[in-house]
There are 2 protein chains.
Amino acid sequence: MLSIVGWVTDSVKPRAARAADKRRRLTAAAAQVLHEQGVERTTLADIARVADVPVGNVYYYFKTKDELVQAALSEHTAHLDELTGRLDQLSDPLERLKGLIEAWVGRRDIAARYGCPTGTLAVELDKRADGTLDAEAGAVIRRLLDWAGHQFRALDLPDPDDLAVTLVSAYQGMSLLANALRDPDIMTRQGTRLIHWLDSLKAPDRTP
Amino acid sequence: MLSIVGWVTDSVKPRAARAADKRRRLTAAAAQVLHEQGVERTTLADIARVADVPVGNVYYYFKTKDELVQAALSEHTAHLDELTGRLDQLSDPLERLKGLIEAWVGRRDIAARYGCPTGTLAVELDKRADGTLDAEAGAVIRRLLDWAGHQFRALDLPDPDDLAVTLVSAYQGMSLLANALRDPDIMTRQGTRLIHWLDSLKAPDRTP
DNA sequence: GTCTATACAGGGATAGAC
DNA sequence: GTCTATCCCTGTATAGAC
């Protein structure tokens, strides 16, 4: 470190700051590796390596592997909140929803390679007899459903909650297909269709 | 066994017949248990127990666990072919597609508890670095896409393959959400929306 | 063909030195 | 607070008796 600031950061507040930093690195690594490899095939050693933390030390920060899964879920929730927070700056709810779809399409390569982080995690956690964490993954999805439902309600559309389910289902479905077929273009084409669908909802019923 | 037929079946053709039977039982058990528990959390002992076959004996029929996964995928393909074969009896392609949706909704409780058998399997297999089987799951999905695309083409609709992707995506998405939120009603409500969507495709463009 | 016993590997978790 | 060494269980796969 050449800068004084860097030096100060590294050695003057070592204890709490560095500890918090390791925790943060482990959380970020967990979110990434669990997404890429899945829960069952990911070892603590994998996460420790990516976080650049010695294996045995992991247990100082997280008592069990499940706590790392939970940390990954919090990370995904935080990312979601950050995205919806930015979209909330837009005044038109329809534009907010379109912005959400654009964000999904923007991550098409990740989706085609590893699927939706929350969706694939939900699938894996739901397979466990020990149902300690599967509700947690559902909660992240519900958070997205609530936000989307809020936008549809603001647009005065009928059955806003059902519309939110349709939108999020479409996203999960196209992510799954893009992943299974390893084809990011699916995200692009289906994203376009979703935008048209949103526009068609505003068109009033033409029957007398 | 009281009937002569039963007795004959049990003891006169023991070798090949009984062997084929065990193989069939193991395949069916694999399809069921792998769906319910997922690949990684399922042990060979689990499958052997459900199939009522001694653990060590499994290796006589399937040399590796992966071969059992492959057998499960074949089972799902067979079920799919049986369903589409029945739907092909209907003369109207639109009715065939509606029949498909009705079949999905009919299995809503299974979907809410364990998700779509093929979809969740695809998610799990895609997480494996060793990409030996993930293409296989994609092939089953593609088989469904092809059949659906064929129907849309028969209806003379534009971009039939994209429409097929939209339909199958919707199914995978609603299954995932129904599963994550443990709510079979999602299947019912989204199924209704899908039927309306199909009907709306037939309505000609009203703009001049 | 059928089944038991077991070899072997991998990974989660812990003990305890520093 | 940090890290190494290791315990111990679980699960795949095999050897070999019957």
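Hi everyone, let me start with the DNA. By class, the protein surface near DNA strand D has five nonpolar, five polar and two charged residues. Before I go on, please keep in mind that this is a predicted model.

Which residues are they? From chain A, strand D is surrounded by Lys22(A), Pro54(A), Gly56(A), Asn57(A), Tyr60(A) and Tyr61(A). From chain B come Thr42(B), Thr43(B), Leu44(B), Tyr59(B), Thr64(B) and Lys65(B).

And which part of the DNA do they meet? Of the strand D atoms within 4 Å of the protein, 77% belong to sugar or phosphate, and the rest belong to bases.

Let me point out a few phosphate contacts. On chain A, a polar side-chain atom of Lys22(A) sits 3.0 Å from a phosphate oxygen of strand D. Asn57(A) also uses its side chain, with an N or O atom 3.1 Å from a phosphate oxygen of that strand. On chain B, Lys65(B) takes part through its backbone: a polar backbone atom there is 3.1 Å from a phosphate oxygen of strand D.

Now, on to how the two protein chains meet. The contact takes 40 residues from chain B and 40 residues from chain A. The size of an interface is often given as the accessible area lost when the parts come together. Here, chain B and chain A bury about 3,700 Å² between them, and 57% of that is on carbon and sulfur atoms.

There is plenty to look at in the charged and polar pairs, too. How many salt bridges cross the interface of chain B and chain A? Eight are found there. One to find on your screen joins the side chains of Arg182(A) and Asp126(B), at 2.9 Å from N to O. As for polar contacts, the count between chain B and chain A is 18 residue pairs, both residues at pLDDT 80 or more.

So where on chain B does this surface come from? The elements that give two or more residues to the side touching chain A are H2 (15-37), H7 (108-114), H8 (117-126), H9 (134-154), H10 (160-180) and H11 (185-202), each a helix of chain B. The largest share, 13 residues, comes from H10(B). Sorted by class, the residues on that side of chain B divide into 14 nonpolar, twelve polar and 14 charged.

One last stop, a single residue. Thr84(B) lies in helix H5 of chain B, residues 65-87. Is Thr84(B) buried or exposed? With a relative accessible area of 8%, Thr84(B) counts as buried, because buried means under 20%. Its side chain reaches the backbone oxygen of Asp81(B) at 3.2 Å.

Thanks for listening!

Key: Residues are numbered from 1 along each chain as its sequence is written. Chains are lettered from A and ligands numbered from 1 in the order in which they are written. This is a predicted model: local features need pLDDT of at least 70, side-chain atom pairs count only at pLDDT 80 or more; totals for chains, interfaces and linings use all residues. Side-chain values use heavy atoms; hydrogens and water are left out. Contact means heavy atoms within 4.5 Å. Buried area is the accessible area (1.4 Å probe) that two parts lose on being put together, summed over both. A salt bridge is a side-chain nitrogen of Lys or Arg within 4 Å of a carboxyl oxygen of Asp or Glu. A polar contact is a pair of N or O atoms within 3.5 Å; within protein, one must be able to donate a hydrogen and the other to accept it, and residues adjacent in sequence count only if both atoms are side-chain atoms. Helices (H or I, at least four residues) and strands (E, at least two) are DSSP runs, numbered from the N terminus. Ala, Val, Leu, Ile, Met, Phe, Trp, Tyr, Cys and Pro count as nonpolar, Asp, Glu, Lys and Arg as charged, and the others, Gly among them, as polar. A residue is near a molecule or strand if one of its heavy atoms lies within 4 Å of it. Buried means under 20% relative accessible area, exposed over 50%, partly exposed in between (1.4 Å probe, protein chains only).
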